[in-house]
Structure formats: structure tokens, C-alpha cells
Amino acid sequence: MNYSERIEGLFQEYERQRNSLTEMQTRMSALSATASSPRREVSVTVGQNGVLTDIQFPSGAHKRLTTADLTRLILDTYADAKEQVMNQAADLLAPMLPDGLDAHKLVRGQAGAEAFLPKEPRMVTSVRELLARGPE
């Protein structure tokens with residue numbers, strides 16, 4: 001395979017990856033998770049990035065709780081729903097990430113600076129080989 005064919009192949013791969021990224025972004029924007037409290041007093045739904053989208057009180061059980069207990073129950077249920085959607089996002093993102101980058105840490109903002117800007121730039125092996133060989 002000559003130099004031009006290799007470069008063309010790399011551009012085709014780039015387009016494939018770009019299309020995959022666009023599809024992933026669409027899927028990410030549609031993420032949603034619902035959690036219910038253990039005794040079903042409250043149900044909380046969150047969307048992408050844990051944004052609260054709905055709170056339901058499926059029974060009258062919440063009326064027997066104090067304000068403080070209901071607040072804690074809502075916050076705990078929200079945390080459960082948010083954790084579910086963050087796991088969904090990480091699972092969706094993981095196949096797109098370079099080896100060694102933890103998707104779960106990334107979506108939670110826990111990935112260190114090295115995850116984004118490693119000491120040595122990431123470069124596809126085929127690009128390194130082409131640069132080393134130069135034009136044919």
C-alpha cells in the first residue's frame with residue numbers, strides 16, 4: 001500500500017470515528033434513569049448528566065414522613081437515579097476512549113489531567129509509522 005492510499009485510509013477511519021461520535025452524542029442526550037425509594041414513597045427521574053427531569057409520589061406514603069425525612073428520601077433517590085445515568089453514560093463512552101482511560105471516572109469528573117493531556121501525545125501507530133517513513 002503506498003503513502004497516498006494509507007493517508008486516504010486514515011481519513012476514512014477518521015470519518016468513521018467522527019460518525020460514531022455523532023451517534024454516541026445522540027445516544028448520550030437521550031440517557032435517562034428512574035429510581036424509586038425502597039418503600040416506593042417517591043420516584044425520581046434524571047436525564048443526561050444527572051439533570052432532574054421528574055419527581056413522582058406514586059402512593060400517599062410520603063404524607064406520613066416529616067419534611068426532613070422526605071427531603072432525605074428524595075435526595076437519596078435522586079442520587080440513585082443519577083448514579084444509574086452516570087453508569088449508562090460511562091458504558092456508552094467507554095468503547096470510544098483510549099486504553100487506560102476510565103470512563104466511569106471521566107463522566108464523574110474524577111479523571112486526572114493525564115487523562116486529557118498525557119505526558120506524550122496519543123498517536124495512532126499507523127500515523128507514527130507514516131511520519132517515520134515519510135513520502136514514498
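Buried, in what follows, means under 20% relative accessible area. With that cut-off in hand, I will go through this structure, which is a predicted model.

Start with the whole chain. Five helices and three strands make up its secondary structure. Read from the N terminus, the order of elements is α-β-β-β-α-α-α-α. Of the 136 residues in the protein chain, 27% are buried. As for contacts between residues at least 6 apart in sequence, 47% of them join residues at least 24 apart.

Now the sheet. The three strands form an open sheet in the order 1-2-3, and the pairing is antiparallel. Strand 1 and strand 3, residues 52-56, are the edge strands; each has a single partner strand, so one side of each has no neighbour in the sheet. From one strand to the next, the twist averages 15°.

Take the pairings in turn. Strand 1 and strand 2 run antiparallel and are joined by five bridges. Within that pair, Ala35 stands opposite Val44 of strand 2. The hairpin between these two strands has six residues between them, and Arg40 there takes a positive phi near 65°.

On the other side, strand 2 pairs with strand 3, again in the antiparallel sense, over four bridges. Here Val44 has Ile55 of strand 3 as its bridge partner, and Val46 has Leu52 of strand 3. This hairpin has four residues between the strands, with Asn49 at a positive phi near 60°.

How many residues of strand 2 are buried? Five of the five, so strand 2 is largely enclosed by the rest of the structure. As a reminder, in a regular strand the side chains alternate between the two faces of the sheet. In strand 2 both faces are covered: Ser43, Thr45 and Gly47 are buried on one side, and Val44 and Val46 are buried on the other.

Next, helix 2, residues 67-93. With 27 residues at 1.5 Å a residue, helix 2 should span 39 Å; the C-alpha atoms at its ends are 38 Å apart, which agrees.

Which residues of helix 2 are buried? They are Leu70, Leu73, Thr77, Ala81, Val85, Met86, Ala89, Ala90, Leu92 and Leu93. And what covers them? The cover includes helix 1 (3-29), strand 1 (32-36), strand 2 (43-47) and helix 3 (103-107).

Back to the sheet for a moment, and the pairing of strand 2 with strand 3, which has four bridges. Helix 2 packs on this sheet and touches strand 1, strand 2 and strand 3; the direction of helix 2 makes about 145° with that of strand 1.

Last, the two helices together. Two packed helices are described by the angle between their axes and the distance between the axes. For helix 1 and helix 2 the angle is about 170°, and the axes are 10 Å apart. An angle over 145 degrees counts as roughly antiparallel, so that is what helix 1 is with respect to helix 2. Met24, Arg27 and Met28 of helix 1 make the contact with Ala89, Leu92 and Leu93 of helix 2. By class, the residues of this contact are five nonpolar, no polar and one charged.

To close on helix 2: Ala89, Leu92 and Leu93 are among its buried residues, and the same three names appear in the contact with helix 1.

How values were computed
Residues are numbered from 1 along each chain as its sequence is written. This is a predicted model: local features need pLDDT of at least 70, side-chain atom pairs count only at pLDDT 80 or more; totals for chains, interfaces and linings use all residues. Side-chain values use heavy atoms; hydrogens and water are left out. The expected span of a helix is 1.5 Å times one less than its number of residues. Buried means under 20% relative accessible area, exposed over 50%, partly exposed in between (1.4 Å probe, protein chains only). Contact means heavy atoms within 4.5 Å. Two strands pair if DSSP finds at least two bridges between them. Axes are lines fitted to C-alpha atoms, for helices over the stretch in contact, and angles run from 0 to 180 degrees between N-to-C directions. Angles under 35 degrees count as roughly parallel, over 145 as roughly antiparallel, 65 to 115 as roughly perpendicular and the rest as oblique. Ala, Val, Leu, Ile, Met, Phe, Trp, Tyr, Cys and Pro count as nonpolar, Asp, Glu, Lys and Arg as charged, and the others, Gly among them, as polar.
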